[in-house]
Amino acid sequence: MKLDLPDRWTARRPTVRGIEPPPMAELKDAAQRGAQLKVVIVEDDKFLQKILVTKFTKEGFSVRAVSDAEEGLQMILTEAPDIALLDLILPKMSGFDLLTELKANPKTKNVPVVVLSNLGQEEDIARVKGLGALDFLVKADTSINQVVQKVKEIYVRHLQGGDKG
């Protein structure tokens, strides 16, 4: 059963913390061409990883997920994703070290990275951004929908040249 909603309801785009999302024309163009944006998720919490994979897949992304930083590095090298989402507290290597490796490697230095972590101290955020991450989301303060929306916004800004991966 299809609901017929007034135009004013369907035309309204949701906002996050009062900030209007950017135009998503680039994402729609990619979808119309049959292209899927590829995201690699590096998250050791299997429950959260599964939720993120499900949500990103439903949103039309091609998703690869791994549980530790070493696998993350290999996956990003081989998959060449459009964007990477990573935790900081990971087995085998920290997310800080993974981010450092990614930005030092010519093959991966331009991959936009968003950090999703419960580390939320100002020094952690500053360190991550100094290493080249485009944004930092605190897990406890961010819904799954907000994570997906933020990844889309950052990817669009990256395409438009507003952010350097």
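**Exercise 1. In which kind of crossing, left-handed or right-handed, does H4 pass H5?** Determine also how the two helices are oriented and which residues meet.

*Solution.* The model under study is a predicted one.

Step 1. Consider the geometry of the axes. Helix H4 comprises residues 69-79, and its axis comes within 10 Å of the axis of H5, crossing at roughly 20 degrees.

Step 2. Classify the angle. Angles under 35 degrees count as roughly parallel, and H4 is therefore roughly parallel to H5.

Step 3. State the handedness. H4 passes H5 in a right-handed crossing.

Step 4. Identify the residues. On the H4 side, Ala69, Gly72, Leu73 and Ile76 take part, and they meet Leu98, Glu101 and Leu102 in H5.

**Exercise 2. Describe the packing of helix H5 against helix H6, and locate the charge that sits over the ring of Phe96.**

*Solution.* Step 1. Helix H5 covers residues 95-104 and helix H6 covers residues 122-131; their axes are 9 Å apart and the angle is about 20 degrees. This makes H5 roughly parallel to H6.

Step 2. H5 passes H6 in a left-handed crossing. The residues of H5 that make the contact are Phe96, Leu99, Thr100 and Lys103, while H6 contributes Asp124, Arg127, Val128 and Leu131.

Step 3. Two of the residues in this contact, Phe96 and Arg127, also answer the second part of the exercise. The charged end of Arg127 sits over the ring of Phe96, at 3.9 Å from the ring centre.

**Exercise 3. Establish how Phe56 and Phe61 are arranged, and decide whether each is buried or exposed.**

*Solution.* Step 1. A pair of aromatic rings is described by the distance of the centres and the angle of the planes. One aromatic pair is present in the structure. Phe56 and Phe61 form this pair, with 5.0 Å from centre to centre and 90 degrees between the planes.

Step 2. Planes over 60 degrees apart count as edge-to-face, so the pair of Phe56 and Phe61 is edge-to-face.

Step 3. Buried means under 20% relative accessible area. Phe56 has 0% relative accessibility and therefore counts as buried. Phe61, at 6%, counts as buried for the corresponding reason.

**Exercise 4. Characterise the surroundings of Leu86 and of Ser117.**

*Solution.* Step 1. Leu86 lies in strand S3, which spans residues 83-86. Its relative accessible area is 1%, so Leu86 is buried.

Step 2. Neighbours within four places in sequence are set aside. Leu86 is then in contact with Val42, Gly95, Leu98, Leu102, Val113, Val114, Val115 and Leu116. Moreover, the C-alpha atoms of Leu86 and Leu99 are separated by 8.7 Å, the two residues being 13 residues apart along the chain.

Step 3. Ser117 belongs to strand S4, residues 113-117. Because its relative accessibility is 1%, Ser117 counts as buried.

Step 4. When residues up to four places away in sequence are not counted, Ser117 touches Asp87, Leu88, Phe136, Leu137, Val138 and Lys139.

**Exercise 5. How many helices and strands are there in the protein, and in what pattern do they follow along the sequence?** Add what share of the residues is buried.

*Solution.* Step 1. The protein contains seven helices and five strands.

Step 2. Along the sequence, these elements give the pattern α-α-β-α-β-α-β-α-β-α-β-α.

Step 3. The protein has 165 residues, of which 44% count as buried.

Step 4. Finally, consider the contacts with a separation of 6 or more: residues 24 or more positions apart account for 62% of them.

How values were computed
Residues numbered from 1 in each chain as written. Predicted model: local features only at pLDDT ≥ 70, side-chain atom pairs only at ≥ 80, totals over all residues. Heavy atoms only, no water. Phe/Tyr/Trp six-rings, centres within 6.5 Å; stacked < 30°, edge-to-face > 60°. Buried < 20%, exposed > 50% of the residue type's maximum accessible area, 1.4 Å probe, protein only. Lys NZ or Arg CZ within 6 Å of the ring centre and 35° of its normal. Axes fitted to C-alpha atoms, helices over the stretch in contact; angles between N-to-C directions. Helix = DSSP H or I, 4+ residues; strand = E, 2+ residues; numbered from the N terminus. Parallel < 35°, antiparallel > 145°, perpendicular 65-115°, else oblique. Left-handed = near helix turned anticlockwise from the far one by under 90°. Contact = heavy atoms within 4.5 Å.
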